[in-house]
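Hi,

Here is the structure I promised to pass on. Have a look at it first, and then read my notes underneath.

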Amino acid sequence: MENEKYDRRYARDGYYWGLKPSPICYRVLQLMPPERNLKLIDIGCGEGRNAVFFARNGYSVTAFDTSPVGLMKASRLADEAGVKIDLFEGDINTVRLTGKYDIIFSTGSLQYIPPDQRHSMFVHYQEQTVFGGFNVHSIIVRKPFIPRASDAEKSAYKWVSGEILKYYHEWKIEFINEGIFDCNSGGVPHQHAINRIIARKVDGVE
Ligand SMILES: C[S@@+](CC[C@H](N)C(=O)[O-])C[C@H]1O[C@@H](n2cnc3c(N)ncnc32)[C@H](O)[C@@H]1O
């Protein structure tokens with residue numbers, strides 16, 4: 001099972017995705033610094049590199065993942081940093097958020113939502129975002145000229161370049177980009193194309 005695959009990856013020494021936060025975290029910090037109590041949820045948090053970054057910077061962080069081993073490491077990382085994170089085991093396709101968040105955040109986990117479920121999932125995430133709040137996503141997109149990574153999962157579904165924008169037509173796009181970056185996960189050098197988006201929920205005027 002893919003779940004066990006992540007557990008096996010995370011059971012090794014060190015941090016599979018490293019300890020450096022995803023670059024988009026710094027943009028969130030710039031655009032919405034925690035000058036008041038800001039609630040953030042990290043979907044598919046893995047070993048916690050981003051969740052711990054946000055907690056260290058003063059956000060109130062909740063995070064979930066399907067991998068118990070990843071969650072254990074995230075908890076350890078939070079302890080080492082002297083911060084508290086609300087961690088729970090959950091599947092992106094069944095977890096329904098209770099309460100509203102200032103920031104709904106994901107890096108590299110939206111490919112587990114089947115395409116026919118995406119519309120309802122994003123409606124839900126958007127309903128659970130406060131006005132003025134952000135949805136922040138970093139998504140692997142397929143490009144015909146980039147070979148599939150050797151450690152790419154079979155249970156992941158394809159996202160196409162720009163697809164994420166269609167879920168945010170009515171939101172203010174604070175940041176969007178596409179880049180190709182080198183990755184050494186699994187010990188085999190390869191590349192990923194990534195779409196990154198920061199969208200703000202603005203009160204509509206009809
Ligand atoms: C590419 S990793 C990214 C981890 C983390 N966001 C980061 O950037 O370091 C994808 C993560 O999604 C988790 N995952 C896989 N299927 C999932 C699902 N159905 N629901 C929630 N998380 C899932 C995996 O366990 C893994 O930790």
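Start with helix 3, which is largely enclosed by the rest of the structure because 6 of its 8 residues are buried. The buried ones are N50, A51, V52, F53, F54 and A55. What do they pack against? Their partners are helix 2 (24-31), strand 1, strand 2 (60-65), helix 4 (68-81), strand 3 (85-89) and strand 4. Just past the end of helix 3 comes G58, with a positive phi of about 100 degrees. Do keep in mind that this is a predicted model.

Helix 3 also leads us to the ligand. Both helix 3 (49-56) and helix 1 (2-11) supply at least two residues each to the shell around the ligand. In total, 18 residues surround the ligand, and the closest are Y10, G44, R49, D65 and T107. By type, the shell divides into 6 nonpolar, 9 polar and 3 charged residues.

A few polar atoms are worth picking out on screen:

- Y10 has a polar side-chain atom 2.6 Å from an oxygen atom of the ligand.
- R49 has a side-chain N or O atom 2.7 Å from an oxygen atom of the ligand.
- I92 uses its backbone instead: an N or O atom there lies 2.8 Å from a nitrogen atom of the ligand.

How much of the ligand does the protein bury? Taken alone, the ligand exposes 590 Å², and the protein buries 93% of that.

G44, one of the closest residues to the ligand, is in the loop between strand 1 and helix 3. With a relative accessibility of 22%, G44 counts as partly exposed, because buried would need a value under 20%. Leaving out neighbours within four places in sequence, G44 is in contact with F64, D65, T107 and S109. Two of those contacts, D65 and T107, are also listed among the residues closest to the ligand. The C-alpha atom of G44 is 8.2 Å from that of D91, a residue 47 places away along the chain.

Now for the nonpolar packing. In soluble globular proteins, nonpolar side chains tend to be buried together. Here the largest nonpolar core has 30 residues, and L110, F122, Y125, W159, I164 and Y168 have the most contacts inside it. At least two residues of this core come from each of helix 1, strand 1 (39-43), strand 4 (101-107), helix 5 (115-127), strand 5 (129-141) and strand 7 (190-200). Apart from this core lies another one, of 27 residues, including Y15, I24, V61 and I198.

F122 is a good place to zoom in: setting aside neighbours within four places in sequence, F122 is in contact with L110, H137, W159, I164, Y167 and Y168.

Is R118, in helix 5, buried or exposed? R118 counts as buried, because its relative accessibility is 0%. The side chain of R118 reaches the backbone oxygen of I113 at 2.9 Å. Not counting residues up to four places away in sequence, R118 touches L110, I113, Y157, K158, W159, E163 and Y167.

Finally, look at R96, another arginine, in the loop between strand 3 and strand 4. R96 counts as partly exposed, because its relative accessibility is 44%. Beyond its neighbours within four places in sequence, R96 is in contact with M121 and H124. The C-alpha atoms of R96 and Y125 are 8.7 Å apart, with the two residues separated by 29 places along the chain.

Cheers

Definitions and conventions
Residues are numbered from 1 along each chain as its sequence is written. This is a predicted model: local features need pLDDT of at least 70, side-chain atom pairs count only at pLDDT 80 or more; totals for chains, interfaces and linings use all residues. Side-chain values use heavy atoms; hydrogens and water are left out. A residue is near a molecule or strand if one of its heavy atoms lies within 4 Å of it. A polar contact is a pair of N or O atoms within 3.5 Å; within protein, one must be able to donate a hydrogen and the other to accept it, and residues adjacent in sequence count only if both atoms are side-chain atoms. Accessible areas come from the Shrake-Rupley method with a 1.4 Å probe; for residues, only the protein chains shown count as cover. Helices (H or I, at least four residues) and strands (E, at least two) are DSSP runs, numbered from the N terminus. Ala, Val, Leu, Ile, Met, Phe, Trp, Tyr, Cys and Pro count as nonpolar, Asp, Glu, Lys and Arg as charged, and the others, Gly among them, as polar. A nonpolar core is a set of buried Ala, Val, Leu, Ile, Met, Phe, Trp, Tyr and Cys residues joined through side-chain atoms within 4.5 Å. Buried means under 20% relative accessible area, exposed over 50%, partly exposed in between (1.4 Å probe, protein chains only). Contact means heavy atoms within 4.5 Å.
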